[in-house]
Amino acid sequence: MSVRVGIPRGMYFYKFYPFAKRFLMELGAEVVPSPPTNKEILNLGSRFCIDDACLPVKVYHGHAEYLKDKVDYMLIPRLTSIVPREYICPKFGGLPEMVKYSINGLPKLIDVEINMYKSRISLINSLYELGTVFTKNPYKIKKAADKAAREQIIYDNCLLKGELPCKYIDGTDVSKNNSGPLVGIATHPYLLYDSFINMNLLDKLSDRGIKFILPEMLEKKTIEEKCRIFEKRMFWSSSKDLIGSALYMFENNNIDGILMLTSFGCGIDSLSIELIQRLGRKKYNKPFMVMTLDEHTGDANFNTRLEAFFDLIDRRQAN
Ligand code: SF4
């Protein structure tokens, strides 16, 4: 019987799941992702995670708690840097420890560190370390990594072309042939693609006939180029993606308005969003709204703000 490896559906799940799944499957493991976030998972996260963590970290704890009795191992990599000369939010690095000390009865954790700050080559060592949990054969690990890399390229290309991760991963899709205004949504993937915590935002936009453009639909070089307006090179990957995408959306005349999603308790966004808002007010004249997500699941408030944003766009278009 194959070893079952659980992957919590949170944080960078929608960024790297195809790679992780293919890599582990090629090494003979059965991959078990947790289901899309629901009320039970959110409640588990709130119960087992420390109070002052940000919403995505809490949700991640809920997924880990949900999975813990169903698998032999759980994959919670320690992500320190995923792009050379850049770091990501430190919460990613502390995730294995946070989960370990908050949840009892976990299966064995695979918490290999991914740190590409100095070079991409270090990823090979990390994958080798991960692969040795399942095989001592380095050729098998290399082959698995090559196949996983190909799978990830296909996935990233699908997102670039406008497909949603849920279509590739779960075979479901919300996008329709909309013909209404085009809205840019600048946010992190764990807020954007978790339809429970973002109150079904993409469905709501689609139902109104609104088209959307997302950060994953932008080339990396576009984001890099937009961030060159700053004197200093940005070294936080998550902020860079957010700010670069927002600037692109401000400058693109086909985009009618910009929505930003942030989560309660996010220190990094508090700075990035302030910066984007100041730039937006000073240089661009476009409908722009920041929506903060928290543990509340009633969507009345959220819907009211969304309607106000739609009104803003409609009025701007009518004028
Ligand atoms: S960037 Fe913000 S929301 Fe994301 S993990 Fe870090 S603190 Fe949490």
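**Figure 1. Pairing of strand 1 with strand 3 in the predicted model.** Val5 has Tyr73 as its bridge partner in strand 3. The structure shown here and in the other views is a predicted model. Strand 1 covers residues 4-7 and strand 3 covers residues 73-75; the two run parallel and are joined by two bridges.

**Figure 2. The open sheet with strand order 2-1-3-5.** Four strands make up this sheet, and their pairing is parallel. Strand 2 (30-33) and strand 5 (108-110) are the edge strands, each of which pairs on one side only. From one strand to the next, the twist averages 30°.

**Figure 3. The open sheet with strand order 8-7-9-10.** This sheet is likewise built from four strands, and the pairing is parallel. Its edges are formed by strand 8 (211-213) and strand 10 (288-293), both pairing on one side only. Neighbouring strands are turned against each other by 30° on average, direction ignored.

**Figure 4. Pairing of strand 7 with strand 9.** Four bridges connect strand 7 (residues 182-186) and strand 9 (residues 257-263) in the parallel sense. Within this pair, Val183 of one strand stands opposite Gly257 in strand 9.

**Figure 5. Residues around the ligand.** The shell consists of Met11, Cys54, Pro56, Cys89, Lys91, Tyr190, Ser263 and Cys266. By class, six of these residues are nonpolar, one is polar and one is charged. Both domain 1 (4-160) and domain 2 (174-318) contribute to the shell, with at least three residues each.

**Figure 6. The largest cavity.** The search of the whole structure finds two cavities of 30 Å³ or more. The largest cavity holds about 70 Å³ of space. Its lining is made up of Arg9, Gly10, Met11, Phe13, Tyr14, Thr37, Pro56, Val59, Tyr190, Asp194 and Ile197. Helix 1 (13-26) and helix 3 (55-67) each provide at least two of the lining residues. Seven residues of the lining are nonpolar, two are polar and two are charged. Domain 1 (4-160) and domain 2 (174-318) each supply at least three residues to this lining. Met11, Pro56 and Tyr190 of the lining also appear among the residues around the ligand.

**Figure 7. The second largest cavity.** About 30 Å³ of space lies in this cavity. Leu42, Phe196, Ile197, Met199, Asp294, His296 and Thr297 line the second largest cavity. The lining comprises four nonpolar residues, two polar residues and one charged residue. Ile197 takes part in the lining of this cavity and also in that of the largest cavity.

**Figure 8. The second largest pocket.** This pocket encloses about 340 Å³ of space. It is lined by 21 residues, of which Cys166, Thr172, Tyr193, Asp194 and Ser195 are the closest to the centre of the pocket. Helix 7 (165-170) and helix 9 (201-207) each give at least two residues to the lining. The lining contains 11 nonpolar, five polar and five charged residues. At least three of the lining residues come from each of domain 1 (4-160) and domain 2 (174-318). Asp194 belongs to the lining of this pocket and to that of the largest cavity.

Key
Residues numbered from 1 in each chain as written. Predicted model: local features only at pLDDT ≥ 70, side-chain atom pairs only at ≥ 80, totals over all residues. Heavy atoms only, no water. 1 Å grid on protein atoms, 1.4 Å probe; cavity = no way out; pocket = protein on both sides within 12 Å on 5 of 7 lines; lining within 4 Å. Points joined across faces, edges and corners; volume = space filled by probe spheres on them. Nonpolar A, V, L, I, M, F, W, Y, C, P; charged D, E, K, R; others polar. Domains from an automatic or database assignment. Near = heavy atom within 4 Å. Pairing = 2+ DSSP bridges. Axes fitted to C-alpha atoms, helices over the stretch in contact; angles between N-to-C directions.
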